[in-house]
Amino acid sequence: MSSDTLPLLKGRNITLRKARPEDADARLALGSDPHIHEMFGGSRETLAPITTPDAAAWVRHLAEHPFAWVIEHRVPIGEIRLDRLDKQDRRASLAIGIFDPTSLGKGLGTEAIRLILDFAFRTLKLHRISIRVLAYNTRAIRAYQKCGFVIEGREREAGLVNGQWHDDIIMGLLEHEFVAT
């Protein structure tokens, strides 16, 4: 399966779909939010306005990625990916980013994660999905836990944000745990 054959995944409030060229305009309109930038591990001094070439590169990256979707809630609001897919060990890591601050706290990220987990476990037949998150990103940790992820460990001082070191939380979900939820 490649990005050309990625399925459209529809939830109650969102759609996950392949990136399209016109998504660059939507990404540009979302801009660069300082709080979201920090939740992704960026420092204030590295925050820059998103440019037209940046937005076009974002679309290209998603379009070329074998397992990447745009998260759409009437308009594109973010992205979700399965990275480092290992067919031998039947595992992958999950990455999600909601770029629209007005879309946070509404359960849209949780819905997107559940759609991807269903696809990963039922269609791709993966056994394990992992995710890393900065320890201070409690909103994301709660969303991952709602989806069944458990905290498996902590990588101490793994991210330097705004001149301070922060831990990464390592989380995982196994196929039989997902089926049980």
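# Exercises on pockets and salt bridges

The second largest pocket of this predicted model is lined by 13 residues, with Arg27, Ser32, His37, Phe40 and Phe99 nearest its centre.

**Exercise 1.** State the volume of the second largest pocket and how the residues of its lining divide by class.

*Solution.* Step one takes the volume, which is about 250 Å³ for the second largest pocket. Step two sorts the lining of the second largest pocket: six residues are nonpolar, four are polar and three are charged.

**Exercise 2.** Describe the largest pocket by its volume, its central residues and the elements that line it.

*Solution.* Begin with the volume: the largest pocket encloses about 970 Å³ of space. Its lining comprises 41 residues, and those closest to the centre are Phe40, Ile96, Asn137, Ala140 and Tyr144. Next, assign the lining to elements. Two or more residues each come from helix 2 (34–39), helix 4 (108–123) and helix 5 (138–146), and likewise from strand 4 (75–86), strand 5 (91–98), strand 6 (128–134) and strand 8 (164–174). Helix 5 supplies the largest share, seven residues. Finally, sort the lining of the largest pocket by class, which gives 19 nonpolar, 12 polar and 10 charged residues.

**Exercise 3.** Identify the salt bridges of Arg17 with Asp23 and Glu72, and determine whether Arg17 is buried or exposed.

*Solution.* First, consider the partners. The side chain of Arg17 meets that of Asp23 in a salt bridge at 2.7 Å, N to O. A salt bridge also joins the side chains of Arg17 and Glu72, here at 2.9 Å, N to O. Second, locate the latter pair: Arg17 belongs to strand 2 (residues 15–17) and Glu72 to strand 3 (residues 68–73), so the pair ties together parts that are 55 residues apart in sequence. Third, apply the cut-off for burial, which is under 20% relative accessible area. Arg17 has a relative accessible area of 5% and is therefore buried. Asp23, at 2%, is buried as well. Glu72 is also buried, as is Arg17.

**Exercise 4.** Give the distance between the closest N and O atoms of Arg81 and Glu79, then place the salt bridges in the wider structure by stating how many it holds and which residues form one network.

*Solution.* The closest N and O atoms of Arg81 and Glu79 lie 2.4 Å apart, and the two residues form a salt bridge. Arg81 is buried because its relative accessible area is 18%; Glu79 counts as buried at 7% relative accessibility. Elsewhere, Arg17, Arg20, Glu22, Asp23 and Glu72 are joined into one network by salt bridges that share partners. The structure holds 15 salt bridges.

Conventions: Residues numbered from 1 in each chain as written. Predicted model: local features only at pLDDT ≥ 70, side-chain atom pairs only at ≥ 80, totals over all residues. Heavy atoms only, no water. 1 Å grid on protein atoms, 1.4 Å probe; cavity = no way out; pocket = protein on both sides within 12 Å on 5 of 7 lines; lining within 4 Å. Points joined across faces, edges and corners; volume = space filled by probe spheres on them. Helix = DSSP H or I, 4+ residues; strand = E, 2+ residues; numbered from the N terminus. Nonpolar A, V, L, I, M, F, W, Y, C, P; charged D, E, K, R; others polar. Salt bridge = Lys/Arg side-chain N within 4 Å of Asp/Glu carboxyl O. Buried < 20%, exposed > 50% of the residue type's maximum accessible area, 1.4 Å probe, protein only.
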